[in-house]
Protein chains: 2
Amino acid sequence: MGVTRDDVARLAGVSPATVSYVVNNGPRPVSAAARARVLAAIEELGYSPHAIARSLKTQRTESAGIIIADMLNPYLASVAQAAHDELLQQGYSLLVANSSESPARELMWLKFMRSRRVDGLILEPTGDNLPFLKRLAGPGHPPQLVLIDRAIPELEADTVLLDNVGGARAAVRHLIDLGHRRIALLGLPHEMSPGGERLEGYKLALRAAGLPIDAALIFEGTFVADEASEMVSRLLNVRPAPTAVFASSNRLARGVLQQIKVRRLRMPDDIALAVFDDVDYFEWMTPSITAVEVSGVALGQQAVDYLHDRLTGAYGGPPRLLRIPYRLHVRESTLGMGESAV
Amino acid sequence: MGVTRDDVARLAGVSPATVSYVVNNGPRPVSAAARARVLAAIEELGYSPHAIARSLKTQRTESAGIIIADMLNPYLASVAQAAHDELLQQGYSLLVANSSESPARELMWLKFMRSRRVDGLILEPTGDNLPFLKRLAGPGHPPQLVLIDRAIPELEADTVLLDNVGGARAAVRHLIDLGHRRIALLGLPHEMSPGGERLEGYKLALRAAGLPIDAALIFEGTFVADEASEMVSRLLNVRPAPTAVFASSNRLARGVLQQIKVRRLRMPDDIALAVFDDVDYFEWMTPSITAVEVSGVALGQQAVDYLHDRLTGAYGGPPRLLRIPYRLHVRESTLGMGESAV
DNA sequence: CTGAAAGCGCTTACAG
DNA sequence: CTGAAAGCGCTTACAG
């Protein structure tokens, strides 16, 4: 706006320092008379303190960044939203960025966040850029790094993950309990921790039931939505045919729904479906979709809490790791319409 | 990180100014030898230019803000994502904030964005805070304001809206063409432009067909999702019963799906449904849902283009207003399963 | 092609 | 309770 602290000081007839003390409510007292004159001058001029200049002096920006793969994914959107709300409570703002699963873009954003001197950084890592991250996340100096969703064991950083193994195992066990013996896995890339761990949960459930692990039923997908449908198409053509599918993400589930529609199949009679990651619509679709719910809100809040502990010095110990629990919602896509408890 | 331009200058054996000229590639030439020494020193020290300090001097932050009602709404998420991507192209970062439909929270964010000196601000306004916005959006000084989704005629600002009237009219006309005579409207708050305009489109379609406008069939909702289901419940109890519903938002549509599920109704036989705002799942549900698609991506990009024009001085004229066109996707929730063209 | 220096708008120790 | 002043890390006109 062009109006600075000095303008306010001049109009109020005090020193610039006094204006600062009024604006910041401290750290030293200001007489009631001077305060009143300053506040009146601020009002009259429409003065807005320059947060950028303040940051330069204080060496804190009161801001955090979050880099996620895709804010259109409702799960990640809820993580970002929760982080946003939680940070707001603590007086921080949030810079949201999309890596789009691209390591190059991730690196660009990492550099950007560093140049903007964010106090904290929440990262859903692509898995690359390890050397850069190691330098960035050195202890003591900002930004304070918290990893979410995907583990990077080589990095000394607080991490919040999902209980991928538990959730996948529970979903597949549920399918087995219903009598399914040929259960296909629609997986995320196995080399990343969510993909690998959901695959592991799938295998554990089969093994526990004494069922064979058939490589022909295991499909490894990418994050690209369009590929899902084609992959499901191949999956449905396997013989003997699978009677159930466990989809490792809501994106992959969409591919299943798409093929079911195109082929005019019925759930669960022709094929049963269970999904990792619940979406609002799953509950109100017909048939409703059985899904493992993992709270993006809980994950986002936890990440901010970890950040906050470090930033305030409330915690200074070794890296922490926490897993957000899952909840299995059994619905009509596995149970059938008649038995539904809606 | 603590390492500053002066550290680099010292190690490279040049003046601090020369470091700046290398980092910024100008505005004056640097000898190849000096450049090489500077680059080596930057690499060795891990120097990261301090964007905050730079902003203070240049008076530009190369950042923009967006304040939307709710980033969990897939439509608004796509707007934010598109704005993010478009700004990225132009070297800007984006600060995302949620007003949650709260004027107080909106005001807080407006002040925050101003104090952070964002160059541009994209706002989906709650409708309040007009005096503050008027001062904020004075011509010439930052932040440059662009309104989205909701008009505020009293404000001199570029605005990007949806073709609410056209989209609603097309959907209701489609229902009329199928023979429906009692069509209920599930509306957004009428006093805001999207709610009012979608209501107007509904009325226009009825009038054009010579049908009466029955106040008993018009429901005015809020943005709270939970209320939708209860409102739909009342709607379905109107006698004579409506044979079709036009839902003015994806949130409201969820309430319809919920009641349809609870009451075990069939679409479109018991009740037909058309929705303003398409959601990915609508296409793959059974029955698939007829919806008016409005591109959040187009809206986000257009908002950024408006911003960019102003920021670069490419446009300096009077406020502009643009409406994003709609597209009606006719699906099974109105057409029936047999006739579907999937 | 290069350096010394002013200044962006603040905070806060120093001195009264 | 208050003011004058140093300094945060940069950019860029000024002078050579």
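# A walk around two chains and two DNA strands

Start by selecting B:L95, which comes closest to the rotation axis of all the residues of chain B, its C-alpha sitting at 2.4 Å. Before moving on, know that you are looking at a predicted model, where local features need pLDDT of at least 70, side-chain atom pairs count only at pLDDT 80 or more, and totals for chains, interfaces and linings use all residues. Residues are numbered from 1 along each chain as its sequence is written, chains are lettered from A and ligands numbered from 1 in the order in which they are written, and side-chain values use heavy atoms, with hydrogens and water left out.

**Stop 1: the axis**

Now color chains A and B separately. Two copies of a chain are related by a rotation about an axis and a shift along it. Here, turning chain B by 180° with 0.0 Å of shift along the axis lays it on chain A, with an RMSD of 0.0 Å. That is the relation of a two-fold axis. The fit is a least-squares superposition on the C-alpha atoms of residues with pLDDT of at least 70 in both copies. Both copies use the same surface: 98% of the contact residues of chain B recur in chain A (contact means heavy atoms within 4.5 Å).

**Stop 2: DNA strand D**

Show DNA strand D and the residues near it, meaning those with a heavy atom within 4 Å. Which residues come nearest? Out of 27 around the strand, they are A:R28, A:S31, A:K57, B:R5 and B:S20. Sugar or phosphate accounts for 47% of the strand D atoms within 4 Å of the protein, and bases make up the rest.

Next, zoom in on some polar contacts (pairs of N or O atoms within 3.5 Å; within protein, one must be able to donate a hydrogen and the other to accept it, and residues adjacent in sequence count only if both atoms are side-chain atoms):

- Select A:K57: a polar atom of its side chain lies 3.2 Å from a base nitrogen of DNA strand D.
- Go to B:R5, where a polar backbone atom is 3.1 Å from a phosphate oxygen of DNA strand D.
- Finish at B:Y21, with a side-chain N or O atom 3.0 Å from a base nitrogen of DNA strand D.

Switch to a cartoon view for the elements that give two or more residues to this surface: α2 (16-23) and α4 (51-58), in chain A and in chain B. Helices are DSSP runs (H or I, at least four residues), as are strands (E, at least two), numbered from the N terminus. With 5 residues, α4(B) gives the most to the surface near DNA strand D. By type, the residues there are 12 nonpolar, 9 polar and 6 charged. In that split, Ala, Val, Leu, Ile, Met, Phe, Trp, Tyr, Cys and Pro count as nonpolar, Asp, Glu, Lys and Arg as charged, and the others, Gly among them, as polar.

**Stop 3: DNA strand C**

Swap to DNA strand C. It is surrounded by 27 residues, and the closest are A:R5, A:S20, B:R28, B:S31 and B:K57. Three contacts to click on:

- B:S15 has a side-chain N or O atom 3.0 Å from a phosphate oxygen of DNA strand C.
- B:T18 has a side-chain N or O atom 2.8 Å from a phosphate oxygen of DNA strand C.
- B:K57 has a side-chain N or O atom 3.2 Å from a base nitrogen of DNA strand C.

Which element gives the largest share of the surface near DNA strand C? Pick α4(A), which supplies 5 residues.

**Stop 4: aromatic rings**

A pair of aromatic rings is described by the distance of the centres and the angle of the planes. Rings of Phe, Tyr and Trp (its six-membered ring) pair if their centres lie within 6.5 Å; planes under 30 degrees apart count as stacked, over 60 as edge-to-face and the rest as tilted. That gives 5 aromatic pairs over all chains.

Select A:Y281 and B:Y281: the ring centres are 6.4 Å apart and the planes at 25°, so the pair is stacked. This pair crosses between chains, joining helix α12 (residues 280-284) of chain A to helix α12 (residues 280-284) of chain B. Add A:F282 and B:F282 to the selection, and you have one aromatic cluster with A:Y281 and B:Y281.

Are A:Y281 and B:Y281 buried or exposed? Both are buried (under 20% relative accessible area; exposed is over 50% and partly exposed in between, with a 1.4 Å probe and protein chains only).

Last, select B:W109 and B:F112. Their ring centres are 5.3 Å apart with planes at 85°, so this pair is edge-to-face. Both lie in helix α6 (residues 103-115) of chain B, 3 residues apart, about one turn of the helix. B:W109 counts as buried at 2% relative accessibility, and B:F112 counts as buried at 15%.
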